[in-house]
Amino acid sequence: MKSVCKVAVELFTSGRTHSSASARRLGGEMCKELKTKVLRLLSPTSNGPCVHQQGQTDTIYGLACLAQNSEAVRKTYDIKGRNGHKPLAICVGEIQDIYKYCKVKVKDGLLGDLLPGPVTLVFERSQVLNTDLNPFTSLVGVRIPDDAFMRRLCQMCAEPLALTSANISSHTSTVAVQEFQELWPKLAVVVDGGPIGDHSRLGSTVVDLSVLGKYRIIRPGCALSSTVDVLEHKYGLSEDSGGEDEPLNSPPSTSRAETHNRR
């Protein structure tokens, strides 16, 4: 299986995303040992770095690795200094992918109404998902970011990415690549999509949908009102304020990724 790093190179050089000649040359060099390269996403008409792409990113900057690779997952925790009992979410490219890695108990239309977007949906995990990813819980948060590059990256990897915010654990969430520059030496690739517009740093709204007919807000995030409106008024779900508190109180969220090699 290819590393996220190598797939990112192919994505930049294949013509499926807009890139300049200099970006393509950079792609050929960015996986050299012990070096981190920065790739800048470009707008369709840009000849240089793009500050705001079409389709503004929906949350915060994040780290990504192959979720099915246990060593990559372990390194992600090490890079952040993250508590091993705090979960990683997964990111997939298409709604149908969710059914492979999660046991979905809501109507198909609900997924389409909330995704792609700044929402993390929490379901019971399926047996297909790597058992070394969040082994302390039967649940997993899943995202489809409103970002074409991230969705295409997931599609080309043909498996989910594991996500966490691009910052040292307990530090402020980041809305520009320069804000987590201290992590760059530990990463194979940094993908710069420009500064995030609203600078809210709230991350995605995280909602537990693992109980039939119920929802539970784990993190309010940046899309709480619109999410609750869909859940209650369109699909008739009721809020579940009881039950055990699974260790999913702070799942990560991202729509632009900084990827590190699966080594």
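Me: In this predicted model, what covers the buried residues of H7?

Reply: A helix that packs on one side is read by asking which of its residues are buried and what lies over them. In this predicted model, the cover over the buried residues of H7 includes H5, S5, strand S9 (205–208) and strand S10 (214–219). The buried residues themselves are Thr-227, Val-228, Val-230 and Leu-231, and because they cover an arc of only 155° around the axis, they lie on the same side of H7. On the other side of H7, Ser-225, His-233 and Lys-234 are exposed. H7 is followed by Gly-236, which has a positive phi, near 70°.

Me: Which residues touch the most other members of the largest nonpolar core?

Reply: A core can be read from its best-connected members outward. The largest nonpolar core has 34 residues, among which Ile-98, Leu-121, Phe-123 and Leu-209 touch the most other members. Two or more residues of this core come from each of helix H3 (70–80), helix H4 (95–101), helix H5 (108–114), strand S5 (119–125), strand S6 (139–143) and helix H7 (224–234). A second, separate core has 15 residues, including Leu-41, Cys-157, Val-189 and Val-191. Leaving aside residues up to four places away in sequence, Leu-121 touches Leu-111, Leu-114, Leu-115, Val-140, Gly-141, Val-142, Val-207 and Leu-209.

Me: Where is Arg-82 placed, and which side chain of opposite charge is nearest to it?

Reply: For a charged residue, one reads its burial together with its partners. Arg-82 sits in the loop between H3 and strand S3 (89–91), where Arg-82 is buried yet has no salt bridge, the nearest side chain of opposite charge being that of Asp-78, 11 Å away. The side chain of Arg-82 does, however, reach the backbone oxygen of Pro-87 at 2.9 Å.

Me: Is the peptide bond from Leu-115 to Pro-116 cis or trans?

Reply: Here the angle to read is omega. The bond from Leu-115 to Pro-116 is cis, with omega near -5°, and Pro-116 lies in the loop between H5 and S5.

Me: Asn-134 and Ala-158 are residues other than glycine with a positive phi; is Asn-134 buried or exposed, and is Ala-158 buried or exposed?

Reply: Such backbone angles are best read alongside location and accessibility. Asn-134, with phi near 50°, is found in the loop between S5 and S6 and is buried, its relative accessible area being 2%. Ala-158, with phi near 60°, lies in the loop between helix H6 (148–157) and strand S7 (161–165), and at 59% relative accessibility Ala-158 counts as exposed.

Methods. Residues numbered from 1 in each chain as written. Predicted model: local features only at pLDDT ≥ 70, side-chain atom pairs only at ≥ 80, totals over all residues. Heavy atoms only, no water. Core = buried A, V, L, I, M, F, W, Y, C linked by side-chain atoms within 4.5 Å. Buried < 20%, exposed > 50% of the residue type's maximum accessible area, 1.4 Å probe, protein only. Helix = DSSP H or I, 4+ residues; strand = E, 2+ residues; numbered from the N terminus. Contact = heavy atoms within 4.5 Å. Arc of directions from axis to C-beta. Lys, Arg positive; Asp, Glu negative; His and termini not counted. Salt bridge = Lys/Arg side-chain N within 4 Å of Asp/Glu carboxyl O. Polar contact = N/O pair within 3.5 Å; in protein donor to acceptor, adjacent residues only side chain to side chain.
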